[in-house]
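Thanks for making time this morning. I would like to walk you through one structure, going from the whole chain to a pair of strands and then to the ligand.

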Amino acid sequence: MSIQKKQAVIIGAGPAGLTAGIELLKIEHVDVTVLERDNVIGGLARTNEYKGYRYDIGPHHFITDSDAVMAWWLDMMADDFHPHKRYTRIHYKNHFFNYPLEPLNVIMGLSFFECIRSVLSYVRARIFPIKKPKTFQDWITNRFGSRLFDMFFKTYTEKVWGIACDKISADWAAQRIKGFSLSQAMFYAFFGRWFKKNAPRTIQDTFYYPSLGAGSFWERAAKRLTKMGGTIQLNHGVQKLEHDGARIVAVIASDAKGGQERFEADEFFSTMPLQALIHALDPLPSEEIIVAAKALQYRGLITVNLVINKDTVIPDHWLYVHEKSVRMGRIGNMNNFSLKMVADQNHTALSLEYFAFVNEPFWKLSDAELIKIGAQELEQLKLVKASDVIDGMVVKTSEAYPVYDQNYHQHVAAVLGYLKQFSNLYLMGRNGMHRYNNMDVAMLSAMHAVNELKKTLGEIKKQPVRMKQRRKGVQPSA
Ligand SMILES: Cc1cc2nc3c(=O)[nH]c(=O)nc-3n(C[C@H](O)[C@H](O)[C@H](O)COP(=O)(O)OP(=O)(O)OC[C@H]3O[C@@H](n4cnc5c(N)ncnc54)[C@H](O)[C@@H]3O)c2cc1C
């Protein structure tokens with residue numbers, strides 16, 4: 001007797017979509033089709049090549065607390081997965097401060113007067129903490145004091161989000177920075193060498209990276225997926241999800257030739273932004289849900305990827321730029337991730353990160369204008385002369401960050417509550433769940449979604465995908 005295969009459609013070939021595809025193909029009798037809007041694999045974690053120089057969209061380091069994810073990574077790429085000791089600093093007031101903050105290094109970089117102010121504001125925050133911290137500003141001030149917040153958190157965060165820190169939800173700090181505080185920073189500064197194994201992620205300084213960029217990992221995952229029998233259709237942006245009120249019936253995707261293709265399936269896994277998903281539903285939901293979806297915001301990222309006529313510029317993997325006088329927020333130094341990503345070893349490949357909403361004038365600047373701004377700002381920071389910039393290219397990513405403004409929670413809850421009615425729709429990943437996730441957590445959400453399906457298929461009784469007890473901390477990714 002032949003068993004009829006289940007058809008699964010996955011929207012998006014980023015880390016979550018590819019993980020789900022591979023995990024689904026491990027189940028017998030499931031066919032997988034991945035529909036990807038772009039003409040490349042990897043989503044935000046892709047690597048772009050320009051004349052032999054390779055740039056991630058902000059260098060993507062591989063770090064996780066999850067044994068399941070680490071096993072997955074090693075199974076995919078043990079032969080080309082290299083450990084790095086992270087070196088990251090903050091550029092502030094013409095001084096370089098180590099990141100994560102190290103008390104002694106901070107003291108050395110600040111004036112005596114500034115140190116006293118910082119200590120006093122920290123003591124004050126510990127004695128009189130803000131009760132029920134609601135915003136990012138409240139949350140950090142409670143842990144570091146208002147002076148250190150102003151110097152080391154406010155400017156960069158506001159550059160990234162484009163909204164004031166007292167308008168950003170405390171959820172973001174709670175999710176990203178967890179319990180990390182100045183007292184912990186001091187503890188690990190003095191005793192870290194003995195306790196590093198259990199240190200928060202902020203303190204952990206080893207990560208993995210493939211020699212040809214984060215995207216090469218996901219290109220390999222895509223090859224594995226097709227080898228296992230799955231299909232990936234590039235240039236297929238999903239525009240409509242047809243439903244009958246209880247189940248998704250089919251999706252309609254545009255193709256590269258301007259036509260449309262309809263894909264029927266039994267199960268649908270989505271990593272497309274929640275806002276776009278709601279707008280694509282056919283029929284549309286009630287006005288209330290549409291309004292909630294419209295209220296979700298996304299921050300765009302412009303990476304200005306430069307070739308510098310010097311073999312070294314900075315020793316860092318990432319340099320956070322807290323100077324208010326320049327617009328850039330962070331510099332990724334591709335040479336320090338892998339020299340294989342640099343066509344000419346006499347050159348340095350720098351990726352400058354600029355954040356903007358897509359309706360801002362800055363977003364609309366031409367590539368040439370952006371490269372010029374990048375070169376001028378590097379000179380302003382005294383890192384290189386503008387004339388040392390010999391080439392460059394620009395990548396714009398419109399939905400790089402799901403914004404956590406103060407009301408995002410209620411909008412996401414309304415949208416997710418509505419989508420629950422579709423028993424064959426699984427939401428995964430970063431924009432797919434409006435969660436500020438890194439690759440590992442996006443992958444875990446995909447593994448979880450596949451497990452949910454397995455349960456309905458009776459493949460497993462109960463096999464939750466769980467992070468090992470998550471340690472406290474934040475990663476140095478944007
Ligand atoms: C600057 C920056 C630095 C980062 N650094 C790190 C890091 O160092 N380490 C780390 O682990 N993580 C890092 N991240 C986070 C990481 O990029 C994400 O966690 C991860 O890419 C999320 O995977 P995803 O599959 O959920 O989403 P995405 O990577 O966004 O993939 C979603 C895919 O869906 C496609 N898509 C969207 N809409 C449609 C549609 N309608 N139809 C078809 N396809 C569609 C998109 O084109 C995309 O390919 C960083 C992110 C940024 C922005």
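**The chain, a hairpin and the ligand shell**

Let me begin with the overall make-up: the protein chain has 14 helices and 20 strands, and please keep in mind throughout that this is a predicted model. Of the 478 residues in the protein chain, 44% are buried. If we take the contacts in the chain with a separation of 6 or more, 73% of them come from residues 24 or more positions apart.

Now to the pair of strands. Strand 3, residues 47-50, and strand 4 pair in the antiparallel sense, with four bridges between them, and in that pairing Glu-49 is found opposite Arg-54 of strand 4. The two strands form a hairpin with two residues between them, where Lys-51 adopts a positive phi near 50°.

Is strand 4, residues 53-56, covered on one face or on both faces? Both are covered, since Tyr-53 and Tyr-55 on one side are buried, and Arg-54 and Asp-56 on the other side are buried as well. Arg-54, then, is a buried residue that also stands opposite Glu-49.

Finally, the ligand, which is surrounded by 36 residues, the closest being Gly-12, Gly-14, Gly-43, Gly-58 and Gly-429. The elements that contribute two or more residues to this shell are helix 1 (15-25), strand 10 (237-243) and helix 14 (439-457). As for the character of the shell, its residues divide into 16 nonpolar, 15 polar and five charged.

Conventions:
Residues numbered from 1 in each chain as written. Predicted model: local features only at pLDDT ≥ 70, side-chain atom pairs only at ≥ 80, totals over all residues. Near = placed C-beta within 6 Å. Nonpolar A, V, L, I, M, F, W, Y, C, P; charged D, E, K, R; others polar. Buried ≥ 20, exposed ≤ 12 C-beta atoms within 10 Å, placed from the backbone. Pairing = 2+ DSSP bridges. Contact = placed C-beta atoms within 7 Å.
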